[in-house]
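I opened my notebook to look at one chain, piece by piece. These are my entries, in the order I made them.

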Amino acid sequence: MSVRKSSVSSVGPKVPPANWEEVLEGIRKMRSSEDAAVDSMGCEKAGMTLPPKERRFAVLVSSLLSSQTKDQVTHGAVQRLSEQGLLAADVILATDEETIRNVIYPVGFYTRKATYMKKVAEICISKYGGDIPSTLEGLLALPGIGPKMAHLVMNVGWNNVQGICVDTHVHRICNRLGWVSRPGTQQKTSTPEETRVSLQSWLPREEWVPINPLLVGFGQTVCTPLRPQCTNCSINNLCPSAFKETSSPASKSKKATP
């Protein structure tokens with residue numbers, strides 16, 4: 001199996017954006033109540049009571065299931081897997097795909113993910129003694145595991161920080177804040193992977209791990225994908241995108257109609 005590597009090279013600014021520390025502190029204060037789904041149901045919460053080896057595998061499975069799926073749905077699927085003893089590689093390998101599909105439903109693309117789970121379990125057993133890969137390259141070689149998931153698993157499972165975990169929330173918010181840009185331009189990044197490399201070019205390394213749950217929760221509660229709650233945001237005076245996406249497309253078209 002070939003290793004999937006990022007085609008992104010040097011992206012975005014090397015000089016930190018203006019007021020980024022003030023913006024970050026403002027987001028931290030807004031997130032202090034920890035009332036977002038990610039705070040109790042994020043992938044990194046999977047298997048917290050398990051021994052290290054089993055916890056790593058649980059986080060890997062949770063990350064695999066999380067793609068294009070809300071935290072609440074992923075969390076529910078992981079709980080059901082745990083209750084039925086299906087969070088161990090050897091058990092998954094011995095279980096038919098239909099059973100796995102029924103347990104993880106309704107996660108996004110549950111049929112495909114059930115297949116991935118079986119393949120991942122087989123690889124982890126045959127190559128890693130039932131544990132998970134301890135390198136970024138090894139994780140990226142697993143079916144269904146992309147950069148965002150691989151970095152999260154490395155951070156949580158191995159306490160080895162090699163990069164920022166960037167999902168759609170982090171990608172969206174960093175672009176709204178003007179924190180990232182495409183190579184040699186001032187244009188927004190077009191993918192989470194571009195955002196990751198651009199953000200890593202200036203964000204202090206000690207912020208690489210906490211930035212993900214911080215911005216994910218902010219994106220779930222305030223800086224939402226559609227109609228962000230700019231009025232309730234304490235940093236709207238520092239955000240270049242504030243109040244620019246608060247109307248729906250339909251309302252905009254009505255205003256434009258003579």
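I needed one term first: a polar contact is a pair of N or O atoms within 3.5 Å, where one must be able to donate a hydrogen and the other to accept it. I also noted that this is a predicted model.

**Entry: H171**

I used that term right away. The side chains of H171 and T195 are joined by a polar contact of 2.6 Å. I then looked for a backbone partner. The H171 side chain reaches the backbone oxygen of T191 at 3.4 Å. I placed H171 in helix 10, which covers residues 168–177.

Is H171 buried or exposed? Its relative accessible area is 15%. Buried means under 20%, so H171 is buried. I listed what H171 touches, leaving out residues up to four places away in sequence. The list is V166, T189, S190, T191, P192 and T195. Both T191 and T195 from my polar notes appear in it.

**Entry: the whole chain**

I stepped back. I found 13 helices and 0 strands. Read from the N terminus, every element in the run is α. The chain has 258 residues, and 48% of them are buried. I checked the contacts with a separation of 6 or more. Of these, 63% link residues 24 or more positions apart. The accessible surface comes to about 12900 Å². Carbon and sulfur atoms hold 52% of that surface.

**Entry: K118**

I moved to a charged residue. K118 lies in helix 7, residues 110–128. Which side chain of opposite charge is nearest to K118? I found E97, 6.2 Å away. A salt bridge has to fall within 4 Å. K118 has no salt bridge, and yet K118 is buried.

I looked for another partner. The side chain of K118 reaches the backbone oxygen of T95 at 2.6 Å. Leaving out residues up to four places away in sequence, K118 touches I92, L93, T95, D96, E97 and I100. T95 and E97 are both among them.

**Entry: helix 4**

I checked the span of this helix. Helix 4 takes in residues 71–83, which is 13 residues. From its first C-alpha to its last, helix 4 reaches 18 Å. That is close to the 18 Å expected at 1.5 Å a residue.

Which residues of helix 4 are buried? I wrote down D71, T74, G76, A77, V78 and L81. I kept a general rule beside the list: an α-helix has 3.6 residues a turn, so residues three or four places apart point the same way. Next I asked what these buried residues pack against. I found helix 2 (37–41), helix 3 (52–66), helix 6 (97–104), helix 7 and helix 12 (211–221). After helix 4 comes G85, with a positive phi near 70°.

**Entry: helix 12 and P210**

Helix 12 was on that packing list, and I followed it up. How many of its 11 residues are buried? I counted 8, and helix 12 is mostly covered. The buried ones are I211, N212, L214, L215, V216, G217, F218 and G219. Their cover includes helix 1 (20–30), helix 2, helix 4 and helix 10.

I also looked at P210, in the loop between helix 11 (192–200) and helix 12. P210 counts as partly exposed, because its relative accessibility is 37%. C165 is 45 residues from P210 along the chain. Their C-alpha atoms are separated by 9.5 Å.

**Entry: backbone oddities**

I started from a general rule: most residues other than glycine have a negative phi, and most peptide bonds are trans. Then I looked for exceptions.

Which peptide bond is cis? I found the one from Y105 to P106, with omega near 15°. P106 sits in the loop between helix 6 and helix 7.

F109 lies in the loop between helix 6 and helix 7 as well. F109 is not a glycine, yet its phi is positive, about 55°. At 42% relative accessibility, F109 counts as partly exposed.

N159 also has a positive phi, about 50°, although it is not a glycine. I placed N159 in the loop between helix 9 (147–158) and helix 10. Is N159 buried or exposed? Its relative accessible area is 67%. Exposed means over 50%, so N159 is exposed.

Key:
Residues numbered from 1 in each chain as written. Predicted model: local features only at pLDDT ≥ 70, side-chain atom pairs only at ≥ 80, totals over all residues. Heavy atoms only, no water. Helix = DSSP H or I, 4+ residues; strand = E, 2+ residues; numbered from the N terminus. Buried < 20%, exposed > 50% of the residue type's maximum accessible area, 1.4 Å probe, protein only. Lys, Arg positive; Asp, Glu negative; His and termini not counted. Contact = heavy atoms within 4.5 Å. Areas by Shrake-Rupley, 256 points an atom, 1.4 Å probe, with all protein chains shown as cover. Expected span 1.5 Å × (residues − 1).
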